[in-house]
Amino acid sequence: MKTKLILFLLMAWQLSFSQQKSTTYYFIRHAEKVDNSKDPNLSELGMQRAQKWKAIFESIDFDQIYSTNYKRTQQTATPIATADKIEIQLYDPQKIDLKAFKKITLGRKVLIVGHSNTTPDFVNKIINQQVFNDIEDTTFGNLYIVTIIGDTISYQLLKLP
């Protein structure tokens with residue numbers, strides 16, 4: 001009788017775990033820009049980095065790609081969006097409804113392209129912890145990966161050249 005109860009509980013636990021959806025967020029900052037004007041394009045180096053991001057994400061089939069409404073973020077996201085045949089969705093980091101965003105992206109693989117201050121802030125909000133600081137002005141290779149399964153949140157920061 002105890003064996004049947006244990007087996008039943010194990011099967012129920014596995015069933016509930018397998019029914020939970022896995023959501024994975026990939027956060028990057030825009031690539032190098034031409035200058036410090038309000039809405040600059042990417043520099044040649046930035047365009048090359050955007051292509052590197054495309055190569056890095058080649059094996060990931062994104063469901064959604066988000067970018068702020070700036071040329072440099074959209075130009076960083078475009079090679080990836082083109083390869084995955086996905087339309088870039090614009091977001092405002094100051095006005096995003098986090099609860100609605102998590103609901104819309106539940107169970108998906110999502111790329112979010114932001115800025116040196118908005119990207120770490122957005123990651124901190126998603127993980128509900130104050131872990132990451134603003135990105136240095138000369139750093140463009142940070143990749144934040146956040147995975148959420150049920151109530152379990154895991155995250156990591158990869159520093160790519």
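1. Two strands are said to pair if DSSP finds at least two bridges between them. In this predicted model, strand β1 (residues 22-29) and strand β5 satisfy that criterion, being joined in the antiparallel sense over seven bridges. One contact of this pairing can be named: F27 has Y144 in β5 as its bridge partner.

2. Strand β5 also pairs with strand β6 (residues 152-159); eight bridges join the two, and they run antiparallel. Y144 takes part here as well, with L157 as its bridge partner in β6. Y144 thus has a named partner in each neighbouring strand, F27 and L157.

3. As to solvent exposure, strand β5 (residues 142-149) is mostly covered, with six of its eight residues buried. The hairpin of β5 and β6 has two residues between the strands, and G150 adopts a positive phi near 65° there.

4. The salt-bridge count comes to two. In one of them, R49 is joined to E32, and the closest N and O atoms lie 2.9 Å apart. R49 belongs to helix α2 (residues 44-56), whereas E32 sits in the loop between β1 and α2, so the pair ties together parts that are 17 residues apart in sequence. Both R49 and E32 are buried.

5. The other salt bridge links D121 with K125, with 3.2 Å between the closest N and O atoms. D121 and K125 are four residues apart in helix α5 (residues 118-127), and are therefore separated by about one helical turn. D121 counts as partly exposed because its relative accessibility is 33%, a value that falls between the limits of 20% and 50%. K125 is likewise partly exposed, at a relative accessible area of 40%.

6. On internal space, the structure holds one cavity of 30 Å³ or more. The largest cavity contains about 30 Å³ of space. Its lining is made up of E32, L45, Q48, R49 and K52. By class, the residues of this lining divide into three charged, one polar and one nonpolar.

7. Points 4 and 6 should be read together. E32 and R49, which form a salt bridge with each other, both appear in the lining of the largest cavity. Both residues of that salt bridge are buried. For the pair in helix α5, by contrast, D121 is partly exposed, and so is K125.

Methods. Residues are numbered from 1 along each chain as its sequence is written. This is a predicted model: local features need pLDDT of at least 70, side-chain atom pairs count only at pLDDT 80 or more; totals for chains, interfaces and linings use all residues. Side-chain values use heavy atoms; hydrogens and water are left out. Buried means under 20% relative accessible area, exposed over 50%, partly exposed in between (1.4 Å probe, protein chains only). A salt bridge is a side-chain nitrogen of Lys or Arg within 4 Å of a carboxyl oxygen of Asp or Glu. On a 1 Å grid over the protein atoms alone, a cavity is a set of points where a 1.4 Å probe fits but cannot get out, and a pocket is an open set with protein on both sides within 12 Å along at least five of seven lines; lining residues have an atom within 4 Å of a point. Grid points are joined across faces, edges and corners, and a volume is the space filled by probe spheres set on the points. Ala, Val, Leu, Ile, Met, Phe, Trp, Tyr, Cys and Pro count as nonpolar, Asp, Glu, Lys and Arg as charged, and the others, Gly among them, as polar.
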